[in-house]
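Work through the exercises below with the sequence and the model side by side, and try each task before reading its solution.

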Amino acid sequence: MSRTADTTADSRTALRICPLCEATCGLTLTIEGTRVTGARGDRNDVFSKGFICPKGASFGAADADPDRLRTPLVRKDGELREATWEEAFDAVAAGLRPVVEAYGPHAVGVVLGNPNVHTMAGALYPPVLLAGLGTRSLFTASTVDQMPKHVSSGLLYGDAGAIPVPDLDRTDHLLLLGANPLESNGSLCTAPDFPGKLKALKARGGTLTVVDPRRTRTAELADRHVAIRPGTDALLLAAMAYVLFEEKLVDLGELAPHVLGVDELAYAMEEFTPEAVADACDVDAGTIRALARELADARAAAVYGRIGSCTVPHGTLANWLIDVLNILTGNLDRPGGALFPLSATDRTPRPAGPGRGFQLGRWHSRVSRHPEAKGELPLSALTEEIDTATDEGAPVRAVIAVAANPVLSAPDGDRLDQALGSLDFMVSVDPYLNETSRHAHVILPPPPPAQAPHFDFAFNTLAVRNQARYSPAAVPLEDGRMPETEILARLVLAATGMHGADPSAVDAMVIDQTLGKAVKEAHSPVHGRDARELAAALTGDTGPERRLDMMLRLGPYGDGFGARPDGLSLAELLAHPHGIDLGPLRPRLPQPLKTVSGKVELLPQPIADDLPRLRQALRERPDGLVLVGRRHLRSNNSWMHNVPSLTGGTNRCTLHLHPEDAERLGIADGDAVRIKGAGGEITAPAQVTDGIRRGVVSLPHGWGHDRPGTRMSHAALDPGVNVNQLLDGSQLDPLSGNAVLNGVPVDVAPTAATL
C-alpha cells in the first residue's frame, strides 16, 4: 500500500502528482484493488489547490491503457517478440558494446524525449548514462521546443538553467508571446491553474497582452491581442527596446549594479525603429510604441514567451529580447516581474561572484557542422548523422531512445524512419510500440505512472512558487514489471561494459561522488564531514529515494544532515503528503549569475554577431501562406493520442485557415486539402475559422499514427497526419540549433488541384 494511501471498505485513495503536463497538479486517485478508477484535484495540495484539467482527470485511463507494453520485446529473426528482462538486457549489452568498441562512443546516439522530464527516472539516470558512455551524440526534444531559452539564459546569466519565470500571482502587466497557457497549462513556467492566475490578474485591475497570429483561448481573454506575422517576434521586441531607449523609459532600478552593456545595447537597437519593423511584423508602429510604453508604465510587469517564440528563425534573439525588456524596465528579479525560482533539489547556492560562463560550439555535428548547445546537437540532425558518411568519424550506428518518438516529433520523419531501420542496433525505453520504437532491437517498457514514485526535479526549477512535493507509488508494482529507475540503471550498466552488476551500484556511485564533492566545498552545509557517515544517514526504501533524500538535505532548504534541524529531507516530505510550501519567489541576484564578469551581460558576443541576420529580416516579406502549430488542452505530444477520453472534440488534426484564404483557394470547411512544404506533402481536412489571421494556416503536432508495425490501436483509428513531414530539417535557429517549426512557407490546395 502507498505511504500516502487512505482506505475505506470498498476502495482507497492515494495522492499523486500528475505527470501529464508541466503544471504538476496534485491529484487524489481512487483505487480499487490495483486499478485507478478515478482522479480528482487534491484540494489540500500546497501548489495546485485542487485544480485539475482533462488530462489529469484521465489519469486512470492513461495508466490502464491496454496497449501499454507489459514485458520487454527483443527482435529475433526480424520480429519483435516477448522476452524476459534478463534476455532483454543481455541483448542490450550484446548490441551496444560492439558498436562502442568498433566505432567509438560517439557512434552511439542518445535520444531523450519530452516524457523524461515527467519522471524521476528520466531526471536521475540519463546524465549517468551519458557520462558513462562518453558520447557527444546527444539529441533531445529541447531542440524542437525550448533550446533558444536555454541559450539566451546561458549567454545573459552564464547558466543555461537560470530561466526567470513571470511572477503570475503579483504582476500587474503580463505580455505573452507565442504562448497559449489556457490550452498548454503553461510551459517553462510551472503554474497549476494558469487560466485562473490570468483571470485573477485581470480581476485585480492588471493588463494581459497576447501576441499571437491565432486568436487562441488565451488571446480571447486578453485586454489586447496583437495578431503578429509568424516568426517576427524578435523584430517586434527589438522595436520595443528601441522605444524604451528613444523615449528615455529605461529604468533598471535595483538591477543597475548587476548589468553590463546598456549603452552597447542602445546602439545595437538603433535600426529597429517601430516604423522600420511595422511592415515585416504586420503590426503598426503606433501599437508597437504603445506596447513599450505600457510595459514601462506598469508598477510591476513581466514579458513571457514560449514555443511560438522559440521555434522560429530568430528564436534565440527573441528569447534574449524577452529578458532584455524585463531588464530595461527593472522588472527582472523583483516581485511582480520575472524571478529565478529556487528548487528544493538545487545545489546549495554558492557565494555570488564570477563564474565560468556559458559556451556554445564546444564541438560540432559530424555532417552539417552544427554547434552543440548545452551539450546537445540538433534533433533535426539525427537523420543525417545516421545515414550520411563523411571523412570525419563514424556515423551513428546505434541509438538509445528513452521516451522519444522522433519519427513524429522531428522534421522529415520519413527519412528518419528509413535511417533508423539501417542501424546496427537500437534500444527503446518506451511503454508503447510506436512509430519510432518499432525499429528497436530491444524495447524496455516502464510501468504505468501509478506504479512509480514521483518528484518534479525539472519543473520545480521553473515553478512560480517555491514548494516541494513527493508522491510514492500509488499502487504496488505489478508482477513481471521492473521499476523505470531500475530499467535505466541496468541500461547504464549494459551500455558501459558493466552488464550483470547490481543496479543499486549506480545509485551508490552517484551518492558517493556527490557527497565526496560536497564535503570538500567550502560553502556546502556538510563541508569537512565524513562522506561515508553522511551516506549511511540517508533514508529511503530505494536507491532513487536515497538520492532524493541526499539532494533535499544538501539543497537550499535542506537540513544539512542535521546542521539545520528544521530543514527538508525525504522524511519531512513523506510527513507532508500534500507538499511543503516554501514561499513566493524572491529576488536572488547576483547569486544566480555565473558569467565571467559576475554580472548580467546584456549584449553577449554571439548575440551581437547574430543581429545582422535580424536586420536583414527587416526587408523580408513572405509570399503565400505560412504554417504555425497548435496545442490542444487534451493533448501533450504524440504519446497521449491513444487515450480515448483525450481525443475527439476540438482535439483533431485539422488545418485551420482564414475564410478569405479559403475562399481564394476554393476550399470549403471540411474539404480535404493538400499541404506541401520543403520536406514533403500531407493531406488533412480543412477547418475554416476567423480565429487565425490571413496568410497563416495551423496544424497540430504529434499526429501521424498510420505506420505499420505499431501497437497503438486507438490512435490508429484516427491517425491524423505528421505536420513535421512538411519540414526537411534544414531550417534551424543558428545559435541554438532549434528546429524552425513555425512561420514556414507552405502551399495549400484542394486535393483535386495539382501541386
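**Exercise 1: The chain as a whole**

In this predicted model, buried residues account for 61% of the 755 residues in the chain. Task: describe the overall build of the chain, and decide how its radius of gyration stands against the globule rule.

Solution. Begin with the secondary structure, which comes to 26 helices and 27 strands. The radius of gyration is 25 Å, close to the 27 Å that the globule rule gives for 755 residues, so the chain is as compact as a globular protein of that length. Next, take the extent of the C-alpha trace, which spans about 65 × 65 × 65 Å along its principal axes. Then turn to the contacts: of those between residues at least 6 apart in sequence, 73% join residues at least 24 apart. Finish with the surface and the charges: the accessible surface is about 27300 Å², with 49% of it belonging to carbon and sulfur atoms, while the 73 positive and 92 negative side chains form two sets whose centres lie 2 Å apart.

**Exercise 2: A covered strand**

Task: for strand E14 (residues 301–305), work out which residues point one way and which the other, and find the bridge partner of Leu176.

Solution. In a regular strand the side chains alternate between the two faces of the sheet. In E14, Ala301, Val303 and Gly305 point one way, whereas Ala302 and Tyr304 point the other way. Both groups are buried, in keeping with the count for the strand, where 5 of 5 residues are buried. For the pairing, look to strand E10 (residues 173–177), which runs parallel to E14 and pairs with it over 5 bridges; the partner of Leu176 in E14 is Tyr304.

**Exercise 3: Two loop residues**

Task: decide whether Val144 and Ser343 are buried or exposed, and list what each touches beyond its sequence neighbours.

Solution. Val144 lies in the loop between strand E8 (138–140) and helix H6 (147–157). Its relative accessibility is 10%, and because the cut-off for burial is under 20%, Val144 counts as buried. Setting aside neighbours within four places in sequence, Val144 is in contact with Ile307, Thr311, Leu379, Ser409, Pro411, Asn738, Ala739 and Leu741. One of these, Asn738, is 594 residues away in sequence, yet its C-alpha is 5.5 Å from that of Val144.

Ser343 sits in the loop between strand E15 (338–339) and helix H16 (382–387). At 1% relative accessibility, Ser343 is likewise buried. With residues up to four places away in sequence left out, Ser343 touches Phe457, Asn460, Thr461, Pro556 and Tyr557.

Key. Residues are numbered from 1 along each chain as its sequence is written. This is a predicted model: local features need pLDDT of at least 70, side-chain atom pairs count only at pLDDT 80 or more; totals for chains, interfaces and linings use all residues. Side-chain values use heavy atoms; hydrogens and water are left out. Buried means under 20% relative accessible area, exposed over 50%, partly exposed in between (1.4 Å probe, protein chains only). Helices (H or I, at least four residues) and strands (E, at least two) are DSSP runs, numbered from the N terminus. Two strands pair if DSSP finds at least two bridges between them. The radius of gyration is taken over C-alpha atoms; the globule rule is 2.2 Å times the number of residues to the power 0.38. Contact means heavy atoms within 4.5 Å. Accessible areas come from the Shrake-Rupley method with a 1.4 Å probe; for residues, only the protein chains shown count as cover. Lys and Arg count as positive and Asp and Glu as negative; His and the chain ends are not counted. The place of a charge is taken as NZ of Lys, CZ of Arg, CG of Asp or CD of Glu.
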